[in-house]
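Work through the exercises below with the sequence and the model at hand. Try each task before reading its solution.

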Amino acid sequence: FAYLLPRPTLLVMRVAVATAAVASAGDCLCIFDIDRTLTGSQGTAGSPCSKDVQVDGVYDSAYTGGTLVLSEVSQFISQTFCSQC
């Protein structure tokens, strides 16, 4: 689940994982900066980062504000080892 909060901008992501999956994966920690790591610069979807995707109707108040742009890592985080955390 993701929640966008008013200034200062904060995106909180919670992932529910079965205890057995975490135990078998061992210890892990995934930490990301939100702005320009999980999100892209507003108004630039597709350029310069070709896999960034604009989410119409969702406002992102970071920097000068604008429509939310999700980076490639935020779209595919479930396909990384972080999905086991």
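**Exercise 1.** How many disulfides does the structure hold, and which cysteines form a disulfide?

Solution. This is a predicted model. The structure holds one disulfide. A pair of cysteine sulfur atoms counts as a disulfide within 2.5 Å. The sulfur atoms of Cys30 and Cys82 are 2.0 Å apart, and these two residues form a disulfide.

**Exercise 2.** State the handedness of the disulfide from its torsion, then locate both partners in the chain.

Solution. Start with the torsion about the S-S bond of Cys30 and Cys82: it is about -95°, so the disulfide is left-handed. Next, place the partners. Cys30 sits in the loop between α1 (19–25) and β3 (53–60), and Cys82 sits in the segment after α2 (72–75). The two are 52 residues apart, and the pair links distant parts of the chain.

**Exercise 3.** Sort Cys30, Cys82 and Cys49 into buried, partly exposed or exposed.

Solution. Buried means under 20% relative accessible area and exposed means over 50%, with partly exposed in between. Cys82 has 11%, so Cys82 is buried. Cys30 has 24%, so Cys30 is partly exposed. Cys49 has 42%, so Cys49 is partly exposed.

**Exercise 4.** Where does Tyr63 lie, is Tyr63 buried or exposed, and what separates its C-alpha atom from that of Gln42?

Solution. Tyr63 lies in the loop between β3 and β4 (66–70). Its relative accessible area is 56%, so Tyr63 is exposed. Along the chain, Tyr63 and Gln42 are 21 residues apart; in space, their C-alpha atoms are separated by 8.9 Å.

Terms used:
Residues are numbered from 1 along each chain as its sequence is written. This is a predicted model: local features need pLDDT of at least 70, side-chain atom pairs count only at pLDDT 80 or more; totals for chains, interfaces and linings use all residues. Side-chain values use heavy atoms; hydrogens and water are left out. Helices (H or I, at least four residues) and strands (E, at least two) are DSSP runs, numbered from the N terminus. Buried means under 20% relative accessible area, exposed over 50%, partly exposed in between (1.4 Å probe, protein chains only).
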